[in-house]
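Open the model in your viewer and keep the selection tool at hand. The stops below say what to select next and what is there.

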Amino acid sequence: MIVEKSEVILSVQNLTATVEGTPILKGINLEIKAGEIHAIMGPNGSGKSTFSKVLAGHPDYEVTGGEVIFQGQNLLALEPEDRARNGVFLAFQYPLEIPGVSNLDFLRVAYNSRRKHQGLEELDAFDFDDVVRERLSVVKMNPSFLERSVNEGFSGGEKKRNEILQMALLKPHLAVLDETDSGLDIDALKIVADGINQLATPENATLLITHYQRLLNYVVPDYVHVMEGGRIITTGGKELAMELESRGYEWVIEDEAAEVAAR
Amino acid sequence: MTASVKTLVNQPYKYGFVTDIESDAIPRGLSEDVVRLISAKKNEPEFMLEFRLKAYRQWLKMTEPTWPHVTYPPINYQEIVYYSAPKKQDKLNSLDEVDPTLLETFEKLGIPLSEQKRLSNVAVDAIFDSVSVATTFKEQLAKEGVIFCSISEALQHHPDLVQKYVGSVVPVGDNYYAALNSAVFTDGSFVYIPKNTKCPMELSTYFRINNGESGQFERTLIVAEEGSSVSYLEGCTAPMFDTNQLHAAVVELVALDNAEIKYSTVQNWFAGDENGKGGIYNFVTKRGLCAGINSKISWTQVETGSAITWKYPSCLLVGDNSAGEFYSVALTNNMQQADTGTKMVHIGKNTRSTIISKGISAGRSKNSYRGLVKMGPKAKGARNYSQCDSMLIGSDAQANTFPYIQVQNKTARVEHEASTSKIGEDQLFYFSQRGISTEDAISMMISGFCQDVFSQLPMEFAVEADRLLSLKLEGSVG
């Protein structure tokens, strides 16, 4: 929801980044305020996923210019774990499997590291158990998933639901969801979308990164951005997503090229 | 490997100090005279000298094994000091007479020996270089008929028992290092559990190499009579020298009818520096004989130290329905090399064995599992289950598995499972994106990986082992 004069959660200015020396992000500008849901769409290789990883601080990506201010703080100066503790959450496109570490332990340690950072008391195993069981309902997950190793042997849909469960526990200020809809059947998609909607509040912000418009039928964005060649080339409302769905990405890219040529 | 992970794994070795104590050492080198001298210094019965000489003569004819998957420059056996003992240790009647410097040393190592501070439920035999300096709770154990003392003492007070069992599981000419040990061993622990006795406390031996030139050759013998049981734990550390020290031990276990021996090791010898300079060569022969029906021998080891580890704790399952177990975590970092595993030799009917091996390799280390499962012609209905898992940390480490399986009985069943996994940069990023530090991430993954083995350790040591592994890996991952 767009709220006038609400707090700026994320402000990205002219951000550039490389991976192994190859420039991928070539000047991103974006502002997200509390309460808003943004979607970044774009063809494969446009830099969408790179953008999400740069925000989270993945070590493979090197920021070469620009700035990212998160709730008034220079995000790029923080280590990945501190970004997370401050409330930046990335739902992974391919959640990692962690054999031998139970989902419950993983969730508890993550939850407590965020609480500790907020100056709150860490929860012991018993109290945490109550919290996590209550949160399971957000993604309609069976409690048996808590006993299993993190994501090990989970289906694609279960992994994505597990990501949303983590988001539900960590209550981030900025949730970045990288291709969360990919590989989901329609039922799983509805559950995941429903979870995202439940977790969106007037105080936090959500950034959806997606190739398809499908997810946006269920999670309605306030803004849609089209990324191409490492930059955001156009921004519109939810109708833009519909248009992209029916006409593809080519026309936006051509319009942009014509505009640049005209300048 | 990222910098953050590197600093995390390369934690300094905290037991690397040298105790300044006057020692009674013999000159370097090995000869028949040296063997005789060691035996004389220890005032041994005649049979023991014969045993040593027989071993020495066999050793001269043997050559060092070259099949292990490790490399090191040739060892000059004439450069080693074969006997080194802290001075003024004539006849100790109580702990009060032990040199306070030694008590302090063990205290520093976390092994308090003094009356007030000792671990309440663990009896400890502390061995410093070549000799045992103290054994705690001896009197209390004696009330139950349990003998727990140094092997030198056992040779004085219980020569018949030693003569009956020493060399019965690992013969003098078994292998190169066992022969060397049989010739020159200086001390070790002796345990005897009488019939139908459950040893009332954990028994533990703590080995400390202090002298930079001396080798450590200890010999441990544990005998569990019919219907008895015992749990035994050994720990070891050494100072940091930039030369290598040789540690060639022999451990023999004998379990008679319905007896049970549980033998746990937490090995933390100095492993050398990050360029592979210094560290202990740990060439050890450990073997258990399940002589009686329904007997059981269980080896649990957590190997984190040593420049080179060459060690295969084994079980000879002779008694019908006897059982052998091997639970192992072997961690190598930097330039460490380990070639370790087990042998389960099924001879009797319905014998069972379980092998759970977890190898963790970080840095530029080499970590190999080598195991033999043999089902003899009479091993009707015998079963083995083996699981060998390797975990790689970083991209310069090596893991190998060499399983040997020999089956000579059609009714025997052997199962082998193996897996290799890797702690990758992406997994660590996943943890950090959830606010979990790299240290915690590695420690959670390692604990999870080793859970099956740690659960076998006596409680207080399981916690210690878990902590030890995390420490060893600090700075190594990424």
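The tour goes through two sheets of chain A, one helix residue, the contact between the chains and a nonpolar core.

This is a predicted model, in which local features need pLDDT of at least 70 and side-chain atom pairs count only at pLDDT 80 or more, while totals for chains, interfaces and linings use all residues. Residues are numbered from 1 along each chain as its sequence is written, and chains are lettered from A and ligands numbered from 1 in the order in which they are written.

**Stop 1: the four-stranded sheet**

Helices (H or I, at least four residues) and strands (E, at least two) are DSSP runs, numbered from the N terminus. Two strands pair if DSSP finds at least two bridges between them.

Select strands 2, 1, 4 and 5 of chain A: in that order they form an open sheet with antiparallel pairing. Strand 2 (22–33) and strand 5 each have a single partner strand, so one side of each is left without a neighbour in the sheet.

Now go through the pairs.

- Strand 1 and strand 2 of chain A are joined by nine bridges; Val19(A) has Thr22(A) in strand 2 as its bridge partner.
- Strand 1 (residues 8–19) and strand 4 (residues 61–70) of chain A share eight bridges; Thr16(A) is partnered by Gly65(A) in strand 4.
- Strand 4 and strand 5 (residues 73–74) of chain A are held by two bridges; Phe70(A) has Gln73(A) in strand 5 as its bridge partner.

Zoom in on the hairpin of strands 4 and 5 of chain A. Two residues lie between the strands, and Gln71(A) takes a positive phi near 45°.

**Stop 2: the six-stranded sheet**

Next, select strands 6, 9, 10, 3, 11 and 12 of chain A, which make an open sheet in the order 6-9-10-3-11-12 with mixed pairing. At the edges stand strand 6 (88–91) and strand 12 (231–236), each with a single partner strand, so one side of each has no neighbour in the sheet. From one strand to the next, the twist averages 20° (axes are lines fitted to C-alpha atoms, and angles run from 0 to 180 degrees between N-to-C directions).

Within this stop, strand 3 (residues 37–41) and strand 11 (residues 223–228) of chain A run parallel and are joined by four bridges. His38(A) stands opposite Tyr223(A) in strand 11.

**Stop 3: a residue in helix 9**

Select Ile253(A), in helix 9 (residues 250–262) of chain A. Is Ile253(A) buried, partly exposed or exposed? A residue is buried if 20 or more other C-beta atoms, placed from the backbone, lie within 10 Å of its own, exposed if 12 or fewer, and partly exposed in between. Ile253(A) counts as partly exposed because it has 18 C-beta neighbours inside 10 Å. Lys48(A) is 205 residues away along the chain, and the two C-alpha atoms are separated by 15 Å.

**Stop 4: where the chains touch**

Show both chains. The contact (C-beta atoms, placed from the backbone, within 7 Å) takes 20 residues from chain A and 19 residues from chain B. On the side of chain A, helix 2 (80–85), strand 7 (98–102) and helix 3 (103–117) each give two or more residues. Helix 3 gives the largest share, five residues.

**Stop 5: the largest nonpolar core**

A nonpolar core is a set of buried Ala, Val, Leu, Ile, Met, Phe, Trp, Tyr and Cys residues joined through C-beta atoms within 7 Å. The largest has 194 residues, and those with the most contacts inside it include Phe89(A), Leu174(A) and Leu253(B). Helix 10 (residues 438–454) of chain B supplies its largest share, nine residues. End at Leu253(B): among the residues that it touches, not counting those up to four places away in sequence, are Val169(B), Ile222(B) and Tyr263(B).

Methods. Two residues are in contact if their C-beta atoms, placed from the backbone, lie within 7 Å.
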